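Me: I'm new to this structure and would like a close look at a single part of it. Could you walk me through it?

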Amino acid sequence: MEKIAERSNKTLGCRRPGLRNRPGVLILYALMVNLLLIRCTGAGIYSTIAISTKIDEGKLPKGLSASPVFYVSGTRWTERYFFFVSGPNIWTKHASGERWNAMGLNAGGIEWDGVQSAVATEDRIILALYSVRGNTYKVGLFALTSFDGSRATYDDFGKSWTSQSKSFQTVRLFCPRPTGDIYVNILNHSGSYSSLDAEDNSFTGSTLYKLANGSSSWGSMTAASQPELNGTNKARYVSGIADNGSGTVLVTATTGELAKDGGYLLNENGLARGNGSIDGSYIPTAGITWIDRKWEGHNGPGVFIAAATSLKDYVHPVFASKDGSTWHRLQGATGRYQTRNFIDVSDKTAGMSNSKHLILAGTSSYIDGSTYRNAAGYNEIDVTNEDLTKWFVNTNRNSYSLANLVNYNVSNLSESTVVGMSIPGNGSVLYASTRNNGVWQLNLDEERPLWTRE
Amino acid sequence: MLKSLLIVTLFPLFIGIVNAQENIPEKNPFVPQNTVNQRYQGDQSFSISAGIIIPLFTVLLHDIDISEKGAGGTKSQLTLGGIGYLTYNFYLFPNIKLGLQLGGTFKWDVNRNLLYMVPLVLRGAYEFRPLGRMTIPLYLGLGIDMVSWKEEFEVDFLLKPGFGVYFDWNVEWSFGVDFYYWFVPQLASKDKQYNSIVNFLDITLAAEYHF
């Protein structure tokens, strides 16, 4: 009892009536609450979770980044396979199977370290493979021409680029139409090889080559001199190529995706198309695509569509053009993330829900100064109206009409960077390949289908 | 709406602290302490606790047009989670203490997405002391709950009634268990059909130091 009394007396002697600066505490607390409220996204978290549906976690490894899914056909392909590229592997699965398997990159007698770029023609997958051995970095061009379920056959284009002490090359491939030409953009960099990033300061310019669709040997430059690419006017690399199948090929090039005015519109030879602007602007663009707009009872006309990768009026605008010359800026879009690619689902059952005809715009995260901006899966664009000025980039995923909304909203796809989307063989399956969140698929023959993870 | 609600509810509590504390008369510093758990006006305590949080159910306030689930109670679709608190208390009277409690919890949804909650609560407690070494506090907490899930972030009003059972080891240290019910109306959704009320129960083991 004595101890208790002693402790009590000691502490009582030190007692203070409480916080001294009470109005200050109150103001700070109110300020903090208000600041927190400003950040609220207002999605209704608990109700969204309560109505969630369980999404299968899939069989691919977690955290996988993937290229678009390719599908090739032709006489050399006795069985049908799907392919995608991820880091040091090509992943493949039988068209009727479920399980993806990784295969190595042994081509031309070399075990390559990874795929720098890949595109699919009608019957081949064209690959730019790279390897790093000590201080030597090398890129080689190959075509995957057949696969028997375990072993792949590669044709060698007989073309490779090996780093020098003060220069090296990187390669970007484009094949805007499976039956059309293959375009190869060779990027030149000064200094020693250290990065595959075209945005780095050592980029000195590029050249554009064209290969015939079935070619198995190296092609030629599309023009003897390409001043808008090679650094004569500006050093640019190709950010996208679109082909309408009727003789118009558009090439977009940029000095860097975040540059304010480094974009330029070129023709298939890598030369300026008109004054090189899109809608009077030299804003850099990516993902230029030709959309046919052909569905039952409707036969086009199609449009070119491309997305700006830098901000204009705090938004990454999306542009569309029927002829490649007169461009219109679409309504909507956002500056919260970038748009990087498009796919036409306007003639598919899922793409025609709610009396719409949709194309999808894949989004990408980006770094705005020092701020990391998250991606948001895909946006929807209704392309039914003939008047392009009426088109609207719908960024409100609660009003999307392609897939089951609950399923999409709770999926990781809805907040992923979509690297590319594809409909292999123009069939009924839409694949969305993401950065770090694997590959997703959707059955386009259903109304409001579910996204499932591969 | 939510801003007004929070300010209206929390403001009087702070005014209450101010007024209550301003009126504390100086006590005689030589009052003897007769039992281990006897407290005095002006005593303070700090507690740390950890335990589990059990999602009870969610009440959807409207039909949601993209879901087959209609308005009414439904499963929260959240897993059992972990929770921890740090609490500072100040005795306004020998049996009444007022405290500020900061917590942190985590749990998962059906798709293994993590949900984080950070409750910040102004908590009043009335303490019964049926035995010399046993204290039974009744709590009423009022505050905000910051919740983060995927890319979403919201701040909700939080009402937390509860009770505890403590064994007073000595005059400084008490150990016990607390039970809280959480009432969280989420009423500030951009689309009103997503407004809901969610309910949790948490059970924590606590260690409290009195000074």
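How do β5(B) and strand β6 of chain B pair, and over how many bridges?

Reply: Happy to. Keep in mind that this is a predicted model. Strand β5 of chain B pairs with strand β6 (residues 134–149) in the antiparallel sense, and 15 bridges hold that pairing on record. To get from β5(B) to β6(B), the chain goes through a hairpin with two residues in it. If you want a spot to look at along this pair, try B:L122, which stands opposite B:L142 in β6(B).

Now turn to the other partner of β5(B). Strand β4 (residues 96–108) of chain B pairs with β5(B), which covers residues 114–131, and this pairing is antiparallel too, over eleven bridges. One place to find it is B:G99, whose bridge partner in β5(B) is B:R123. The hairpin of β4(B) and β5(B) has five residues between the strands, and there B:R112 takes a positive phi near 65°.

Stepping back a little, here is where this part sits in the chain. Chain B has one helix and nine strands. Starting from the N terminus, the helix comes before the strands, in the order α-β-β-β-β-β-β-β-β-β. Chain B is 211 residues in length, and 39% of them count as buried. As for contacts in chain B with a separation of 6 or more, 59% are between residues 24 or more positions apart.

Terms used: Residues are numbered from 1 along each chain as its sequence is written. Chains are lettered from A and ligands numbered from 1 in the order in which they are written. This is a predicted model: local features need pLDDT of at least 70, side-chain atom pairs count only at pLDDT 80 or more; totals for chains, interfaces and linings use all residues. Helices (H or I, at least four residues) and strands (E, at least two) are DSSP runs, numbered from the N terminus. A residue is buried if 20 or more other C-beta atoms lie within 10 Å of its own, exposed if 12 or fewer, and partly exposed in between; C-beta atoms are placed from the backbone. Two residues are in contact if their C-beta atoms, placed from the backbone, lie within 7 Å. Two strands pair if DSSP finds at least two bridges between them.
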